[in-house]
Amino acid sequence: MRLWSLNLLVMILATLLSSGAGKPNGEQPLSRIEIHKTTLALHDSAYVETSPRVLGLQGQNSEWVTLQYSHPSPSNDDWIGVFSPASFSSSICPPENPKESPPLLCTAPIKYQYANYTTSDYHKTGKGSLKLQLINQREDFSFALFSGGLSNPKLVAVSKEVTFANPKAPVYPRLAQGKLWNEMTVTWTSGYGINEAEPFVEWGARGDSQVRSPAGTLTFSRNSMCGAPARTVGWRDPGFIHTSFLKDLWPNKMYTYKLGHKLINGSYVWSRSYSFKGSPYPGQDSLQQVVIFGDMGKAEADGSNEYNNFQPGSLNTTYQLIKDLKNIDIVLHIGDICYANGYISQWDQFTSQIEPIASALPYMIGSGNHERDWPGTGSFYQNTDSGGECGVLSETMFYVPAENRAKLWYSTDYGMFHFCIADTEHDWRPGTEQYSFIEHCLSSVDRQKQPWLIFLAHRVLGYSSADFYCDEGTSEEPMGRESLQELWQKYKVDIAFFGHVHNYERTCPVYQNTCIRNGSNYYSGPFEATTHVVVGGGGASLADFTTVRARWSYYQDHDYGFAKLTAFNHSMLLLEYKRSSDGRVYDHFIIARDYRDVLSCAVDSCSRTTLAS
């Protein structure tokens with residue numbers, strides 16, 4: 001909800017949902033399962049059999065498991081849940097009231113699929129099969145057959161456990177730029193705490209001798225969560241998150257690295273080898289390519305966990321980036337990362353999904369409502385979109401070079417680009433700490449060296465034709481551009497990117513709701529106004545446009561996609577919008593200008609003259 005007057009209604013609805021009196025909104029498929037209502041209905045002739053039982057024998061962190069199952073009284077409502085840890089009985093349920101017995105089950109599965117998904121005659125024969133993909137998540141797995149649908153689950157049969165050969169192995173490295181241009185950070189997840197092993201990264205220039213850099217270790221507990229389902233049915237032990245800082249990198253040099261843990265007995269556990277390229281020196285004149293999108297989420301390659309077609313585009317977006325990996329230097333994912341919404345297991349799923357990208361390129365994130373928002377926790381919007389995570393997962397699972405990751409705003413440089421990433425889930429208005437950061441970030445860049453100044457934020461602080469904004473009589477978040485547009489104009493921000501609205505839209509160069517220059521595919525000469533781009537079609541369900549077309553709205557696309565910026569040199573920048581379905585370019589524009597064009601005055605961008613001048 002985006003009207004302050006509806007906050008109370010949001011909280012009431014959340015209470016109804018948690019009590020089972022309302023219907024889930026469908027954004028998190030696991031929220032449909034009324035796991036607390038589970039009853040025992042084990043049947044002697046029902047079974048779930050799995051193959052293989054041990055995964056990752058060759059070091060793989062992802063494998064497919066084949067299920068064969070049978071139910072003597074089948075129904076099209078029967079479903080298979082994947083649980084991890086494999087033991088998911090009432091013994092793991094924390095006591096909520098000593099006078100009441102705990103429920104049979106108190107933890108949601110990490111994924112589920114209907115028993116008839118690939119066996120159309122299951123309701124007649126009672127026999128079916130599935131192939132499901134598992135990733136290494138530090139614990140063993142079991143597969144349970146349920147009848148009664150998702151709202152009234154009855155446990156019919158449970159498989160024997162399935163496990164990875166080394167469930168604690170270091171997995172899913174995520175690169176990010178450090179606070180200095182020549183520093184790369186590596187973050188990963190493992191099952192090894194600091195009392196079991198010393199984490200480190202072994203790395204070096206390709207072909208040269210390797211060195212070791214130590215890693216810090218973080219984790220969090222159920223009590224770190226702010227509410228349900230993160231504190232209840234969605235809780236799952238996150239393992240340990242490690243971050244190492246690789247410093248004094250040479251610009252543009254290729255490096256190799258691998259994750260390591262030295263166990264207390266002196267033996268070592270290793271990941272496979274990865275590689276990345278060092279960032280260019282700030283201001284370096286070379287071909288530099290940046291991908292930007294928001295609101296991607298995760299999806300399952302095996303088709304599980306899908307509801308209402310919520311995230312059909314996320315795998316396509318992921319696949320397109322992997323396909324074009326050699327032509328990308330850095331990725332900026334501006335909020336609404338994986339839509340776990342309090343189901344902690346989904347963060348592992350997401351980091352596994354993006355591993356081919358994030359292990360090779362800096363993967364920089366922004367904070368969105370589905371990471372941060374929770375009532376009474378200091379978020380600017382008092383809704384329940386984070387599912388009780390209140391920022392803990394995004395701030396721990398990914399590194400960003402912020403002064404305080406609980407306030408997830410920061411700047412980062414890449415060659416000729418200077419990026420200012422805001423946090424729309426905290427107050428950005430004049431007089432606030434974040435406003436001061438934004439002005440300093442925009443004003444401190446040397447445009448002769450870094451001509452391309454880019455502002456990014458999750459919610460739309462600029463312009464959007466989303467129907468839900470129109471229904472509120474606006475085209476932005478309240479107090480959005482009114483608070484920041486003078487800064488964008490004064491410091492001549494080339495492009496402002498936003499997510500939150502799940503589609504693509506580009507404006508003309510616009511200021512004060514007016515096109516300072518007509519929309520085009522080519523702009524040359526002095527800066528006149530900022531172009532605003534909504535690129536929130538990374539994968540989550542699409543948002544509709546209002547039927548009334550504003551004059552500032554130059555291009556719209558109701559589809560999944562992402563933006564790609566290519567800086568050819570200090571004088572030419574190309575923006576391309578590509579659809580995730582085919583990777584083709586559907587919109588583009590070029591900015592061509594020299595340094596003197598940056599210095600020239602535009603509307604409200606220069607100090608007023610006096611008679612003395």
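These legends walk through close-up views of a predicted model, beginning with one strand and moving on to its cavities and a pocket.

**View 1. Strand 8 is covered on both faces.**
Start with strand 8, which spans residues 142–147 and has 6 of its 6 residues buried. In a regular strand, side chains point alternately to one face of the sheet and the other. Here, Ser142, Ala144 and Phe146 sit on one side and are buried. Phe143, Leu145 and Ser147 on the other side are buried too.

**View 2. Strand 8 pairs with strand 5 and with strand 9.**
Strand 5, residues 79–83, runs antiparallel to strand 8 and is joined to it by 5 bridges. Strand 9, residues 154–158, is also antiparallel to strand 8, with 4 bridges between them. Leu145 is a handy residue to follow here. Its bridge partner in strand 5 is Ile80, and its partner in strand 9 is Ala157.

**View 3. A hairpin links strand 8 to strand 9.**
Between these two strands lie 6 residues. Look for Gly148 in the turn, where phi is positive, at about 85 degrees.

**View 4. The largest cavity holds about 140 Å³ of space.**
A probe the size of a water molecule, rolled over the atoms, shows where empty space remains. The model has 5 cavities of 30 Å³ or more. In the largest cavity, 15 residues form the lining, and those nearest the centre are Tyr523, Phe527, Glu528, Ala529 and Arg593. Strand 28 (522–524) and strand 33 (585–592) are the elements that each give two or more residues to this lining. By class, the lining comprises 8 nonpolar, 3 polar and 4 charged residues.

**View 5. The second largest cavity has a volume of about 80 Å³.**
Residues from several stretches of the sequence can be picked out in its lining, including Gln28, Pro29, Lys298, Phe310, Cys338 and Gln346. Also in the lining are Ala299, Asn305, Glu306, Gln311 and Tyr339. The classes here are 5 nonpolar, 4 polar and 2 charged.

**View 6. The second largest pocket has a volume of about 400 Å³.**
This pocket is lined by 21 residues, with Pro401, Glu403, Tyr410, Ser411 and Phe437 closest to its centre. Two elements, strand 22 (410–414) and helix 8 (433–443), each supply two or more residues to the lining. Sorted by class, the lining residues of this pocket are 9 nonpolar, 7 polar and 5 charged.

Notes
Residues numbered from 1 in each chain as written. Predicted model: local features only at pLDDT ≥ 70, side-chain atom pairs only at ≥ 80, totals over all residues. Heavy atoms only, no water. Buried < 20%, exposed > 50% of the residue type's maximum accessible area, 1.4 Å probe, protein only. Pairing = 2+ DSSP bridges. 1 Å grid on protein atoms, 1.4 Å probe; cavity = no way out; pocket = protein on both sides within 12 Å on 5 of 7 lines; lining within 4 Å. Points joined across faces, edges and corners; volume = space filled by probe spheres on them. Nonpolar A, V, L, I, M, F, W, Y, C, P; charged D, E, K, R; others polar.
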